[in-house]
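Here's a quick tour of side-chain contacts, covering charged pairs and then aromatic ones. Have the structure open while you read.

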Amino acid sequence: MASAKALVRVLDHGTEVESGVRRPIRLTPDGYAGVAYAGSVYPLRQGDLIDLGGSSWELADCDRFLFAGAEVPYAPIAGEPLKAASGFDVEWHLETNQYGHYVVFNASERVASSLVSALEDADLNVQRWDVSHRPADDGNFYDWFARLRFKGSQAEALALVGAVIAPPSFLAPAVPVTDPTTARLADAEARIEELLNQLYVATRKGEAAERELAQLRHDLGNAEASEHRYRESVALAERHHSDLQEQLAVLRQGLGGMADTAELVKSLADAEELRELALAENSLLLERVRAADSEAAESGAHADNLAVQVDALLGRVSELEALETERLRAATAQRPRRGGVIEFLPQAFSRLEFVLDAVDVIANLDSPASTMRALAEIDSGRLVGKDLEGMRGWFEVTKLATGIAGSERLGRIYYKPDGQRVLVSVHIKQDDEQQRRHIERLRAF
C-alpha cells in the first residue's frame, strides 16, 4: 500500500521560505505526522506547514510512514493546550491481586500516555505504568499496565476507571479512525484468501485435467495395441493372399484338377474378404488414434496452462507472505523497548541469580530501599542475616520493609552462595504455611 503524501509549505520562524514541496508523510516518535526536509524530520501542522525554527527528529528515528487514505495526525502548535480526554476506544481490564489494582489495556504509546494522564486527572494516582510482559488474570495479554495507588475495593476502582475510559456521555466519532496497519493487514488477508480460493479452483481444475489426460493416454495405449494387432493380421492376410496367388498360378500352368482349382479360388476369395475387412477396421482404428492424439495434445496444452497459472498464484502468495513477514518485523522493531526491573537487576547485581518469582516481587515493592541495601551487601560477598533452619547452605534476611499495607515488615530474602554466583529468592510472608511452602520450593536449587 502506498504512503500518504502532502504539498508542504516550509516556514522559518514564521516566514515562508518555500512552498509546494511534495513529501511522503512520516510518523514521529510521539505519534504525530512529520515530513523530512534538509536532512531532518519536522512536525507537520494543520494546513500542511512545517517550521524550521521548531523541534525536529533524526531521519532514523522516523522510519514509519502513514498509509494513503489514513487520517493525518497533525502535530499541535507549540504551546497550544491539549484537548481534555473524553474517553478512549481501547480494550482494557481491571486486575486486582495482593499488590493492588492494575489497569491493563491495548493502545499505541501516545494513547497510553494520554490514558494515564486522564487517570491522574481523575485523582486515580498511578504508581507505575509500563509495557506488560505477562497475561492478566482473564488469560489475555495486553500491551500496557498501570498500577493504581487506589486502596478501595475492586468495584469502586472499576467504576472510577470506567468513568475515565468510557464515560456515559462519551459518543463514538461519526467517522471511525482507521488504523493503517490494521487496514493493511485486513487487505492483505483478503488478498491472500482470494488467491487461496483461486489456487484451490485452479488445483481442482488441474487435477481434473490430469485425470482426463491419464484416461486419454490409457485409451491411446489401448488403441496403439489394437492397431499393432490389426497390422499383424493384415500382414498375415496379405502373406496368405500372396501364397494363394502363387499356388493358383502354379495350378493354372500345370493344368491341375478342376476341383482343386475351384477350392483354391474359393480360398483366395475368402482371403481377399478377410484382407478387406482388416483394412477397413484398421482405417477406423487409425482415425480413432488420430482423434485421441489431437485430444491428448489439447489436454496437455490445457494442463500446461493450468500449471503456469498455479505457479503464478503460488508466486503471488509467497510475495504476500514475504511482505507480511517484513511488516511484522518492522512493527516489532518500532515497538518501544522498556526493560524495567528485568534488565536493571542483572546490571546492578552482577553475582546474584534471582530464582522463583523474585523479580516480580521486587518490581511490586512500594518501599524497596531496605531490600536493595541487603541485596547490595550480599552481592559484595558479605554474609548477612542468619542460617535458614533445615536448609543447608541457605541464609535468611528478615523484617525487610515492603511499603505494602498489611505486610510492612514481612519482606524476606533467602540466598545461597554457589561458587561465583549467589542464588537469591525475594519473598513477602503472608502466613507460616505459605512461607513453609516457599522454603520447600527452594530445595530444588
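What follows goes through salt bridges and then aromatic pairs.

This is a predicted model, so keep the filters in mind: local features need pLDDT of at least 70, side-chain atom pairs count only at pLDDT 80 or more, and totals for chains, interfaces and linings use all residues. Residues are numbered from 1 along each chain as its sequence is written, and side-chain values use heavy atoms, with hydrogens and water left out.

**Charged pairs**

Side chains of opposite charge can pair when their charged atoms come close. Here a salt bridge is a side-chain nitrogen of Lys or Arg within 4 Å of a carboxyl oxygen of Asp or Glu. Searching the whole structure turns up twelve of them. The table lists some, including the N to O distance.

| Salt bridge | N to O distance |
|---|---|
| R9 with E16 | 2.9 Å |
| E377 with R382 | 3.7 Å |
| E433 with R436 | 2.5 Å |

How accessible are these residues? The scale is relative accessible area: buried is under 20%, exposed is over 50%, and partly exposed is in between (1.4 Å probe, protein chains only). R9 comes out partly exposed at 37%, and its partner E16 is partly exposed too, at 40%. E377 is partly exposed, with 29%.

Now look at helix α8, residues 432-441 (helices are DSSP runs of H or I, at least four residues; strands are runs of E, at least two; both are numbered from the N terminus). E433 and R436 sit three residues apart in that helix, so about one helical turn separates them. E433 is partly exposed at 38%, and R436 is partly exposed at 43%. Elsewhere, E353, D418 and R421 are joined into one network by salt bridges that share partners.

**Aromatic pairs**

A pair of aromatic rings is described by the distance of the centres and the angle of the planes. Rings of Phe, Tyr and Trp (its six-membered ring) pair if their centres lie within 6.5 Å; planes under 30 degrees apart are stacked, over 60 edge-to-face, and the rest tilted.

The whole structure has three aromatic pairs. One of them, W129 with W144, is tilted, at 5.5 Å centre to centre and 50° between the planes. W129 is in strand β10 (residues 126-131) and W144 in strand β11 (residues 144-148), so the pair ties together parts 15 residues apart in sequence. W129 is partly exposed at 23%, whereas W144 is buried at 3%.

F395 and Y415 are stacked, because their ring centres are 5.4 Å apart and their planes are at 20°. F395 belongs to strand β14 (residues 395-400) and Y415 to strand β15 (residues 411-418), so this pair links parts that are 20 residues apart in sequence. Both F395 and Y415 are buried.
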